[in-house]
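Trainee: Got a few minutes to go through this model with me? I'd like to start with how the helices pack.

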Amino acid sequence: MWTAQNWKDYEVIATSSGEKLERWGEYRLVRPDPQVIWNTRKINAGWKNPNGHYHRSTKGGGEWEFHNLPDEWTISYDELRFRLKPFAFKHTGLFPEQAVNWDWFSSIIKESVSGDEYKDKPFKVLNLFAYTGGATLSAAKAGANVTHVDASKGMVQWAKENAAASGLSEAPIRWLVDDCGKFVEREIRRGNTYDGIIMDPPSYGRGPKGELWKIEESIFPFIELTAQILSPNAKFFLINSYTTGLQPAVLSYMINTAIVSKFGGSVVSDEIGLPVKEDGLVLPCGASGRWTNK
């Protein structure tokens with residue numbers, strides 16, 4: 001399992017009974033987690049007096065209960081800063097487990113831009129379903145020109161504010177509110193290509209015109225489509241999944257079929273997770289598939 005273990009402003013303190021106790025900067029939150037199916041004693045005092053507790057409803061959804069939690073605050077990862085706020089369906093605007101992927105592709109970008117190949121041209125990265133921009137900012141900080149695409153205007157604005165907080169307002173980032181599928185199709189017609197592609201597709205959703213997206217049915221055709229805009233000397237491709245049915249082996253098979261068959265290179269897929277402070281275990285948080293041209 002790939003573990004995001006370089007955080008200083010975030011940690012999973014403990015897990016029990018379908019919930020996780022987390023520290024986000026100086027604030028503690030209790031949130032549901034479907035992976036936590038064990039019942040252990042809640043020894044840590046933070047369980048009793050968190051700053052925020054998301055209570056799931058038996059009828060679906062849920063609601064927050066707050067105790068001295070600001071409407072918004074920030075945390076840092078290395079030199080990046082992220083705005084946080086609790087909003088519907090338990091989220092805070094950041095998935096900290098993704099830091100393990102940020103570190104991975106940032107090292108590839110840094111190594112690439114330090115060589116002769118990108119001496120006279122930019123290293124171009126496309127981030128699809130880009131949310132609040134964690135991957136976008138990591139890639140830009142590493143030296144890439146990034147195209148950030150998300151269908152939500154609010155999420156793109158949030159990502160821009162994270163960029164400003166991180167000192168990246170002037171970084172070469174193109175911010176686009178667009179349907180990811182339609183955008184990729186247009187890029188194919190334009191002949192545009194990218195040296196690295198990141199995608200974090202939702203399990204379920206609808207496009208701006210009501211187009212249905214179900215990841216099990218839509219993801220492989222979308223990977224095949226997106227592979228068409230990898231540059232001839234592309235360096236990496238990353239896909240994340242939080243859908244139970246898309247195990248690491250499935251991600252590997254899709255990437256091998258759609259990308260390795262055309263570009264060569266190699267694929268590695270695995271679960272990603274977060275270390276749990278109290279017992280030293282690792283909480284699984286989905287899966288990622290990685291392709292490189294080596």
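**Helices, sheets and a salt bridge**

Trainee: How does helix 5 pass helix 6, left-handed or right-handed?

Mentor: Helix 5 passes helix 6 in a right-handed crossing. Right-handed means that the near helix is turned clockwise from the far one by less than a right angle, and left-handed that it is turned anticlockwise. Helices here are DSSP runs of H or I with at least four residues and strands are runs of E with at least two, numbered from the N terminus.

Trainee: Anything to keep in mind about the model itself?

Mentor: It is predicted, and local features need pLDDT of at least 70, side-chain atom pairs count only at pLDDT 80 or more, and totals for chains, interfaces and linings use all residues. Residues are numbered from 1 along each chain as its sequence is written, and side-chain values use heavy atoms, with hydrogens and water left out.

Trainee: Back to that pair. At what angle do the axes of helix 5 and helix 6 cross?

Mentor: At roughly 20°, and the two axes come within 9 Å. Helix 5 covers residues 215-227 and helix 6 covers residues 248-263. An axis is a line fitted to C-alpha atoms, for helices over the stretch in contact, and angles run from 0 to 180 degrees between N-to-C directions.

Trainee: And which residues of the two helices meet?

Mentor: Helix 5 brings I219, F220, I223, E224 and A227. Helix 6 answers with M254, T257, A258, I259 and F263. Contact means heavy atoms within 4.5 Å.

Trainee: What about helix 4 and helix 5, which hand is their crossing?

Mentor: That crossing is left-handed. The axes of helix 4 and helix 5 come within 9 Å and cross at roughly 30°. On the helix 4 side you find C180, G181, V184, E185 and I188, and on the helix 5 side F222, L225 and T226.

Trainee: Next, helix 1 and helix 2. How do those two cross?

Mentor: Their axes come within 8 Å and cross at roughly 25°, with helix 1 spanning residues 99-113. The crossing of helix 1 and helix 2 is right-handed.

Trainee: Which residues in helix 1 and helix 2 meet there?

Mentor: From helix 1, W102, F105, S106, I109, K110 and V113. They meet G134, A135, S138, A139 and A142 of helix 2.

Trainee: Okay, switching to sheets. What's the strand order in the open sheet of eight strands?

Mentor: The order is 1-16-17-15-12-9-10-11, and the pairing is mixed. Two strands pair if DSSP finds at least two bridges between them.

Trainee: Which ones are the edge strands?

Mentor: Strand 1, residues 2-3, and strand 11, residues 173-177, and each of them pairs on one side only.

Trainee: Further in, how do strand 9 and strand 12 run?

Mentor: They run parallel, and four bridges join them. Strand 9 is residues 124-128 and strand 12 is residues 196-199. If you want a spot to click on, L126 stands opposite I197 in strand 12.

Trainee: Which strands does helix 2 lie across?

Mentor: Helix 2, residues 134-142, lies across strand 9, strand 10, strand 11 and strand 12, and runs at about 160° to strand 11. Helix 4, residues 180-190, lies across strand 9, strand 10 and strand 11, at about 150° to strand 9.

Trainee: And what order does the open sheet of five strands have?

Mentor: That order is 2-3-4-5-6, again with mixed pairing. Strand 2 (10-16) and strand 6 (62-66) are at the edges with a single partner strand each, so one side of each has no neighbour in the sheet. Neighbouring strands in this sheet are turned by 20° against each other on average, direction ignored.

Trainee: In what sense do strand 2 and strand 3 pair?

Mentor: Antiparallel, over six bridges. There E11 stands opposite R23 in strand 3.

Trainee: Last topic: how many salt bridges does the structure hold?

Mentor: It holds 13, counting a side-chain nitrogen of Lys or Arg within 4 Å of a carboxyl oxygen of Asp or Glu. One example joins K42 and E19, at 3.2 Å from N to O. K42 is in the loop between strand 4 (27-32) and strand 5 (52-56) and E19 is in strand 3 (residues 19-24), so this pair ties together parts 23 residues apart in sequence.
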